[in-house]
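Reader: I am in my first year, and I would like a close look at how the copies in this model meet one another. Please take me slowly through the place where two of them touch, and show me what to look for.

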Protein chains: 4
Amino acid sequence: MGGSFLGRILKISTFGESHGESVGVVIDGCPAGLEIYKWEIEEYLKRRSPVSKFSTARIEPDNLKILSGIMENKTLGTPICICVDNKNFNSSDYDELKEVFRPGHADYTYEKKFGIRDYRGGGRASGRETVARVIAGCIAKKFLSELGIDIQTYTFSINNICINKIDCDAQKNFLFMPDSTTFEKTVDFLENNLKNDSVGGIVECKINNIKAGIGEPVFDKLDAQIAKAVMSIGAVKGIEFGNGFDCTYLFGSQNNDQYYFDDVVKKKSNNSGGIVGGITDGGQIIFRAAIKPTPSISKLQSTITKSNENVQIKINGRHDKLIVPRAVVVIESMAALALMDQILLSCTCKLESVKKNYLERG
Amino acid sequence: MGGSFLGRILKISTFGESHGESVGVVIDGCPAGLEIYKWEIEEYLKRRSPVSKFSTARIEPDNLKILSGIMENKTLGTPICICVDNKNFNSSDYDELKEVFRPGHADYTYEKKFGIRDYRGGGRASGRETVARVIAGCIAKKFLSELGIDIQTYTFSINNICINKIDCDAQKNFLFMPDSTTFEKTVDFLENNLKNDSVGGIVECKINNIKAGIGEPVFDKLDAQIAKAVMSIGAVKGIEFGNGFDCTYLFGSQNNDQYYFDDVVKKKSNNSGGIVGGITDGGQIIFRAAIKPTPSISKLQSTITKSNENVQIKINGRHDKLIVPRAVVVIESMAALALMDQILLSCTCKLESVKKNYLERG
Amino acid sequence: MGGSFLGRILKISTFGESHGESVGVVIDGCPAGLEIYKWEIEEYLKRRSPVSKFSTARIEPDNLKILSGIMENKTLGTPICICVDNKNFNSSDYDELKEVFRPGHADYTYEKKFGIRDYRGGGRASGRETVARVIAGCIAKKFLSELGIDIQTYTFSINNICINKIDCDAQKNFLFMPDSTTFEKTVDFLENNLKNDSVGGIVECKINNIKAGIGEPVFDKLDAQIAKAVMSIGAVKGIEFGNGFDCTYLFGSQNNDQYYFDDVVKKKSNNSGGIVGGITDGGQIIFRAAIKPTPSISKLQSTITKSNENVQIKINGRHDKLIVPRAVVVIESMAALALMDQILLSCTCKLESVKKNYLERG
Amino acid sequence: MGGSFLGRILKISTFGESHGESVGVVIDGCPAGLEIYKWEIEEYLKRRSPVSKFSTARIEPDNLKILSGIMENKTLGTPICICVDNKNFNSSDYDELKEVFRPGHADYTYEKKFGIRDYRGGGRASGRETVARVIAGCIAKKFLSELGIDIQTYTFSINNICINKIDCDAQKNFLFMPDSTTFEKTVDFLENNLKNDSVGGIVECKINNIKAGIGEPVFDKLDAQIAKAVMSIGAVKGIEFGNGFDCTYLFGSQNNDQYYFDDVVKKKSNNSGGIVGGITDGGQIIFRAAIKPTPSISKLQSTITKSNENVQIKINGRHDKLIVPRAVVVIESMAALALMDQILLSCTCKLESVKKNYLERG
């Protein structure tokens, strides 16, 4: 329990069932004085809801309420609570799911864990829960941008179609794909294959312009923290940094990133993905996460009921057939949150800088 | 900072530089009454040091000292401190590394973070640090075995040679490979390719006989916790659960694990790797981790010094050319620790079981 | 930062400025299946607002919103978010305080810490923040009552008038004093002394029917955890357990609580206040907390402005002249929260009980 | 469980039974670059063992071993492990205590909690455990002194004899009393009253030269954190800040500390004890802690055995009759640790200072 709390300096706690009153987040530990506007969060949230024929018909106006922690568009240093009411839903869609466990969903595992569950649309295991992550992520991203750090996240592949180049703004198409040719090819593929089924894909995230020396040794390595944060998104089944699983095909002499100095410290390659020993090396942080196909499909599937009867189920209602583009901003948010936490921690790692910080206090 | 602390109920803290006095671990939160013998830990630690011509010549007797928490071979419920002295090392091997950053190692990143570093063999970023993880892991594994839970971990691939079947006891060969044909093929490969270089590979871990309902929702999902624990091992660059990255090639109808009841609840497939929504579904937990080739190689490499001079470096001294088999027990240990923590948490998730536990107290 | 998060198994995070949109709490880690009604929380909250001529005229309807975690009046095991809107306030009362630091309030210290503050009524340092504590406390108290544990908290003294006996229901008078004679004497005192001034007092809390063996060793001793929880209430300046500071006047032979067996284990005295070595001994837990006089008074006081000018200030607006009775339920709540957390932890301290709990899972 | 871990940025974990192999501490999160010598810790530890006829005859050479985290007398930023072997003890003194619970000790409560205990001298509940606190405290105090912060701690009273003035160096007499007249009076009292008995007293701690703005709001208030840290010392039964319990006798107009500006911000009084709303106000931090009389006395006492027999017990062996002076440095250590943690946190509370710290990184 306590699974809805995250972070050490930047602490967040999220709440809300998919079909309860609200979903939201409390963010504690954000430094005071960060400028943040409601519309910025609303804009960022929109990236979670790209409109297409493959997405859920559930339209969430996502009407933000800032309950605390921000005054006159500046953070106070106190807990920021932001929530969104759940308005546009039809719980009766879920009535038949009260006794049946949907394959690929967490219905069965929640029942086993808690002995009780909110059967109306997945409860805390619903994708709706990620609204809270994205709200918090927006604030983290704003903080990072104050330090000059930039994050780019996009769809890397859908099913077996993978981008080959980056030639357009990923944010401009509904698949969030930065390769215009692959985008069109993928649209064709989706048109022909998603009638009663769903697909998955891979999301790639790049963090640019980060200084060397951020992250912790041993258990709290920056890649370990990002891995936890990203793997905690319901649909993610794997994560890899730098050249990732492909590093196993290389020899050490090929995989090592050799340093050289040319005005600044540079590396001849970036197989590490910008992190060595859990700490940034000044190179671009790069990682990929695998997103499973969404489990809600209208094909007939075998499953069981709460009383262990064997039954067949066909899932109706409004569901995404393709969740990869929606996951892009969620992954970006989790990476931003993990990184912000580590940057705040990094303020405390050298005596000289702690001393300076303390002695400068008014 | 504080990166050397892990866990919520089962808390561990590790300490020790590679060439300092000792490496060790404090384990707090282990239930009282667990039987554990010194020789059990020593046996388990041996799996970290398979002897072969491809391994380091540094022989570590790993002479265990149990400093606290165990009396008459039973845990007291109080912190268990176990450490191992660092005896067999030759720091002068490292004298030339005082000013130079080894590619692929954390020398540069530690220097950037702390402004000071233990240059004698990697300090906390050394593989030596994993001794403490394995000691703690042994206790976690013993605890899990008390509940009937079993863990099997082995080498899945080395470079591009992958196992095809499981036909022998992985613990019986020095590569910890459960496929006898692949083992021989791999030995040939290593004979021919490791002269001045090193290789990586993939480790697979299976956890059997675990009940459904273990793990937390949202951020503390069991797969997220295992991912963090395993990714925190220095050489790991990626992790995937169940069918992992391959799930992205499947349609939802192929990827969903359908339930049926046949005396007990079963699933037609195990693409999930035993975890749905962060909580066990009663199936086998299965994951794979990618291990990069060890960075210490005797080939000439470019790098820089502390004063930003461009230099060439050739790493001498006793180094592993193949760390994958040594990583097997470390990965198993981290998985066991993450799982034990979540099982202890699971004692508190239902009112009825908390009530029963409390009311039965003497 | 992150100061608004509390607890290890039962985790809470609170939010809300005194004059912001809402104040509220997220409670994570409450076991699933606890029955809780909205009206129960509303009733409990009323104890925070005893009506009298010495209290603030700010009437807070405290209209509760349960945003998550409870379905059909049962906890789901997921985060419970409950909040209360801030409706009845007049921020213009505070306009003159924008530039001036009120003595005894946290205006100056917040400004020094964050460099920015919500000047409208104390922000997070306002007594209004305790609404969130009491909401969470109500749930903790309900949980404890499920285990048969009962808490009684009351006003022990006001200024130098102290109770001598317990002869009435403390909840029935507006001072929450269990001694009817002292109650009347105190009312007289207040009538004559509170014109432009305020008073403090002592609150006593007794926890009955708790089993031995609850609490942790070393840093997380039950008394240390209760002390932290209670001392974190703004107005509390001291806390003592059992005979408290008076133990220093006794010899060891007088202070030791001697055990004897008479059907059950009993003690000849309870100087320890029910806790030895941080763990309950089966006796009544008893502690007292000192509440300082409320700092908002209408007498003229010296202070400074943000630009360090020396000025005189007279605090107008609606303020409590006596906060002791209002603190009673806040102290009870913090004790209940600390105790509930430790009881949940106690589920994990013996191998045999963990094993039993795990093996009984469905 | 996990009760032996403390702190958020500066994390410590302690280990060791009184009569086990060693007692020690792991300190993680101490900034890199702090100069610390072994002899400094040894000197500081001596304050824990003032020699007198009223102290235990157990002479502990306290032979320090620094196992990690310090190289060439500077902290590396990595975990510092320091331990002390338990050499001079005679466990056979405790053989008769295997079945009997000593009144005032934690024998009974540990047995109830864990179902198993180290009966040799109190295990983790022994005063011996505080060695680890003092080692960590020494490092915290050194850190604070780098920032110009100074801590003075001394015996305030023993039994009913209290200091009246400060006229000598408290560290120079074995009672650590800063009032020479009271010291002599107390020695007389002890000579006449400690034959078979023990006494308690009060320790006072003052922290000087601390800037305003340190500490957290809400639950992690600086006074709450110090209260937890100090109350977690076995013998402490109460704590109060500033005028403490006496604040309840004052009116608000008397208790409020009024500010004025005279070159710097000053206060007309320091009833707050330097902390308002959990955050330092720039005044001296001052608190007092009540120490109970040591429970080991050679007078006959009633108690029970593990099998609930009523028996009489007389405690022999080497025991302190007066633990107050020994507690002085332990209380100072816990206050230093709590304060250091909060100062490190304070580096992260303002965006401007985080930004500056980050952008200055090499």
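Author: Two residues are in contact when heavy atoms of one lie within 4.5 Å of heavy atoms of the other, and this cut-off decides which residues belong to an interface. Please keep in mind that what you are looking at is a predicted model.

Let us begin with chain A and chain B, where the contact involves 106 residues on the side of chain A and 105 residues on the side of chain B. When the residues on the two sides are compared, 99% of the interface residues of chain A turn out to be interface residues in chain B as well, so the copies meet through the same surface. The arrangement can also be described by a superposition, since a turn of 180°, with a shift of 0.0 Å along the axis, lays chain A on chain B with an RMSD of 0.0 Å. If you want to find that axis from the side of chain A, look for Lys228(A), whose C-alpha is the one in that chain nearest the axis, at 2.4 Å.

How much area is buried between chain A and chain B? The computed value is about 8,600 Å², and carbon and sulfur atoms give 61% of it. Within chain A, the residues that lose the most area to chain B are Phe219(A), Lys237(A) and Tyr259(A), which together make up 10% of what that side buries.

The polar side of this interface can be counted too. Between chain A and chain B there are four salt bridges, and one that you can pick out links the side chains of Lys113(B) and Glu216(A), with N and O 3.2 Å apart. There are also 39 residue pairs in polar contact across chain A and chain B, counted where both residues have pLDDT of 80 or more. Sorted by class, the side of chain A that touches chain B is made of 45 nonpolar, 39 polar and 22 charged residues.

The backbone takes part in the meeting as well. In general, the strands of a sheet pair through backbone hydrogen bonds, and they may do so in a parallel or an antiparallel way. Here strand β11 of chain A, residues 236–241, runs antiparallel to strand β11 of chain B, residues 236–241, and three bridges join them. Within this pairing, Glu240(A) has Gly238(B) as its bridge partner in β11(B). Lys237(A), which you met among the residues of chain A that lose the most area to chain B, lies in the residue range 236–241 of this strand.

Now step back from that pair of strands, and you will see that they sit within an open sheet of 10 strands, paired antiparallel, in the order β9(A)-β8(A)-β10(A)-β16(A)-β11(A)-β11(B)-β16(B)-β10(B)-β8(B)-β9(B). The edges of this sheet are β9 (161–162) of chain A and β9 (161–162) of chain B, each of which pairs on one side only. Inside the part given by chain A, β8 (residues 150–158) and β10 (residues 201–208) pair in the antiparallel sense over eight bridges, and Ile151(A) has Ile207(A) as its bridge partner in β10(A).

Chain C and chain D can be read with the same questions in mind. Here 105 residues of chain D are in contact with 105 residues of chain C, and 100% of the interface residues of chain D are interface residues in chain C too, so these copies meet through the same surface. A turn of 180° with a shift of 0.0 Å along the axis lays chain D on chain C with an RMSD of 0.0 Å, and the two copies are thus related as by a two-fold rotation axis. In chain D, Lys228(D) has the C-alpha nearest the axis, 2.5 Å from it. Four salt bridges are counted between chain D and chain C; one of the contacts to look for is the salt bridge of Lys113(D) with Glu216(C), whose closest N and O atoms are 3.3 Å apart. Finally, β11 of chain C and β11 of chain D, each covering residues 236–241, pair in the antiparallel sense over three bridges, with Gly238(D) as the bridge partner of Glu240(C).

Definitions and conventions: Residues numbered from 1 in each chain as written. Chains lettered and ligands numbered in written order. Predicted model: local features only at pLDDT ≥ 70, side-chain atom pairs only at ≥ 80, totals over all residues. Heavy atoms only, no water. Pairing = 2+ DSSP bridges. Helix = DSSP H or I, 4+ residues; strand = E, 2+ residues; numbered from the N terminus. Buried area = accessible area lost by both parts, 1.4 Å probe. Polar contact = N/O pair within 3.5 Å; in protein donor to acceptor, adjacent residues only side chain to side chain. Nonpolar A, V, L, I, M, F, W, Y, C, P; charged D, E, K, R; others polar. Least-squares fit on C-alpha atoms with pLDDT ≥ 70 in both.
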